[in-house]
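Reader: Could you walk me through the terms used for this fold, and show me how each label is earned?

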Amino acid sequence: MAHQDSAMPPEDHEPGSDAAGEAGTAFACTSCGAVAGVVRLVPAGAAVDMGSPIGEQRFDRDGAMIDRWIGGRNWQALDPDRRARAGEILAQPHPDPGALHAIHWELAPFWCRGCRRPYCRDHWMSTVIMDDGFYDYTAGICPSGHHQILDD
Ligand SMILES: [Zn+2]
Ligand SMILES: [Zn+2]
């Protein structure tokens, strides 16, 4: 066995952050302070609980889990470059949801581009758009009247 129990790992994967648990970075709603969304990185092959009815899933690519948002849990694939940039942002003491949004909007769909602030799902006025009887996307209006897509 390799003797790797004492040395600090050269890369990220800090114990207790995105390794295995349900921990993540929570972003608070500007209007009410409730959790607008929780973002955590999920390494390829790690088991993630997608909630009912999907249950446990393993993805063959690195990604991020966005939780507490509309529709429950969303998984977003990240290529190595985006994963590295998201990891840097999430490692900061006060991660910037706008910076996450800039990497990929679905990493921080709760972040309003107009206000440059996050809102929880209760403060977005959302409308589900159907296409031929199937879910297409969710449109939202923030408390200041900005329109944007919340889920696709
Ligand atoms: Zn709110
Ligand atoms: Zn807004």
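Author: Sure, burial comes before anything else: a residue is buried if 20 or more other C-beta atoms lie within 10 Å of its own, exposed if 12 or fewer, and partly exposed in between, with C-beta atoms placed from the backbone. This is a predicted model, where local features need pLDDT of at least 70, side-chain atom pairs count only at pLDDT 80 or more, and totals for chains, interfaces and linings use all residues. Residues are numbered from 1 along each chain as its sequence is written, while chains are lettered from A and ligands numbered from 1 in the order in which they are written.

Reader: Why is Val-38 called partly exposed?

Author: Val-38 has 17 other C-beta atoms within 10 Å, and that falls between the limits of 12 and 20, so partly exposed is the label. Across the protein chain, buried residues make up 30% of the 152 residues.

Reader: What does Val-38 touch?

Author: Contact means C-beta atoms, placed from the backbone, within 7 Å. Leaving out residues up to four places away in sequence, Val-38 touches Gly-24, Thr-25, Ala-26, Asp-67 and Arg-68.

Reader: How do you know that β1 and β2 pair?

Author: Strands (E, at least two residues) and helices (H or I, at least four) are DSSP runs numbered from the N terminus, and two strands pair if DSSP finds at least two bridges between them. Strand β1 (residues 25–28) and β2 have 4 bridges, in the antiparallel sense, so they pass. Val-38 is in strand β2, and Ala-26 stands opposite Val-38. Thr-25 faces Val-39 in β2.

Reader: What makes β1 and β6 edge strands?

Author: The open sheet has 4 strands in the order β1-β2-β5-β6, with antiparallel pairing. β1 and β6 (72–77) each have a single partner strand, so one side of each is left without a neighbour in the sheet.

Reader: What makes a set of residues a nonpolar core?

Author: Its members are buried Ala, Val, Leu, Ile, Met, Phe, Trp, Tyr and Cys residues joined through C-beta atoms within 7 Å. The largest one here has 27 residues, and Val-39, Ala-64, Ala-86, Leu-100, Leu-107, Phe-110 and Tyr-119 have the most contacts inside it. The elements giving two or more residues to this core are β2 (35–42), β5 (63–69), α1 (80–90), α2 (97–103) and β7 (111–112). Not counting residues up to four places away in sequence, Leu-100 touches Val-39, Ala-86, Ile-89, Leu-107 and Ala-108.

How values were computed:
Two residues are in contact if their C-beta atoms, placed from the backbone, lie within 7 Å.
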